[in-house]
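User: Could you take a close look at one part of this model for me, and then follow it out into the rest of the chain? I'd like a connected account rather than a list.

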Amino acid sequence: AMISYPTKLPQGAVRDQVVNVMDWFPTILELTGIPKPDVTLDGQSMMPVIHDPAAPSAHKIIHFDWPNGWAVREGDWKLMAKRNTGSGKIQLNLHNLADAEPEVKDCAKEHPDIVARLKAHHEQWAREVM
């Protein structure tokens, strides 16, 4: 469970501050020396960042999930999926978070390769943790 809190920046840009509550489980296991269970965990130990705040994030891809949609973020790209509750149809939108107004322009038609890659990441993640 990822929780994203959008934060307004001075120029009106949006930054996602991500809190991953599942990261604490692998972290506690590492701190206590308890062996990791034989299951796929939705999270990574935070020990490298605890020891060195400049350490790179273990999260190359961030997954978000909610009742009628999901999102995947990789670098500056964020693919968002929203399910129409009436028809069940899924609408995909791709946003470049490096843009001045990151979630205004939909880049999905311009970058179908990125849409396909991020969608495949979501499907793989969903098979592993859901």
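Analyst:

**A close look, starting at the first helix**

Trp 24 is found in helix H1, which covers residues 24–32. Please keep in mind that this is a predicted model. With a relative accessible area of 46%, Trp 24 is partly exposed, because that value falls between the 20% limit for buried and the 50% limit for exposed. Together with Ile 28 and Ile 50, Trp 24 forms a nonpolar patch on the surface, and the accessible area of these three residues adds up to about 320 Å². For the chain as a whole, about 8,500 Å² is exposed, with carbon and sulfur atoms supplying 57% of that area.

It helps to see the overall layout here. The chain has three helices and six strands, and reading along the sequence gives the pattern β-β-α-α-β-β-β-β-α. Of the 130 residues, 30% are buried. Among contacts with a separation of 6 or more, 26% join residues 24 or more positions apart.

Now to the aromatic rings. How many aromatic pairs does the model hold? The count is zero. Phe 64 does have a charged partner, though: Lys 78 lies over the face of its ring, 5.2 Å from the ring centre. Is Lys 78 buried or exposed? Lys 78 counts as buried, because its relative accessibility is 6%, under the 20% limit.

Lys 78 has a second partner as well. Its side chain meets that of Glu 103 in a salt bridge, with 3.3 Å from N to O. Lys 78 belongs to strand S5 (residues 77–83) while Glu 103 lies in the loop between S6 and H3, so this pair ties together parts that are 25 residues apart in sequence. Glu 103 itself is partly exposed, at a relative accessible area of 34%.

That salt bridge is one of four in the structure. Another joins Arg 117 to Glu 74, where the closest N and O atoms are 2.9 Å apart. Here helix H3 supplies Arg 117 and strand S4 (residues 69–74) supplies Glu 74, so parts 43 residues apart in sequence are tied together. Both ends are partly exposed: Arg 117 has 36% relative accessibility, and Glu 74 has 22%. Lys 105 and Glu 110 form a further salt bridge, at 3.1 Å from N to O. Lys 105 is partly exposed at 41%, and Glu 110 is partly exposed at 46%.

Let's finish with Ala 108. Where does this residue sit? Ala 108 is in the loop between strand S6 (90–96) and helix H3 (112–129). Ala 108 counts as buried because its relative accessibility is 14%. Which residues does Ala 108 touch, once neighbours within four places in sequence are set aside? The contacts are Leu 92, Leu 94 and Val 115. Asn 93 belongs in this picture too: Ala 108 and Asn 93 are 15 residues apart in sequence, and their C-alpha atoms are 5.7 Å apart in space.

So, if you turn the model on screen, start from the nonpolar patch of Trp 24, Ile 28 and Ile 50, move on to Lys 78 over the face of Phe 64, and end at the buried Ala 108.

Technical notes: Residues numbered from 1 in each chain as written. Predicted model: local features only at pLDDT ≥ 70, side-chain atom pairs only at ≥ 80, totals over all residues. Heavy atoms only, no water. Patch = residues over 30% accessible without salt bridge, like charges linked within 9 Å, V, L, I, M, F, W, Y side chains within 5 Å. Areas by Shrake-Rupley, 256 points an atom, 1.4 Å probe, with all protein chains shown as cover. Helix = DSSP H or I, 4+ residues; strand = E, 2+ residues; numbered from the N terminus. Buried < 20%, exposed > 50% of the residue type's maximum accessible area, 1.4 Å probe, protein only. Phe/Tyr/Trp six-rings, centres within 6.5 Å; stacked < 30°, edge-to-face > 60°. Lys NZ or Arg CZ within 6 Å of the ring centre and 35° of its normal. Contact = heavy atoms within 4.5 Å.
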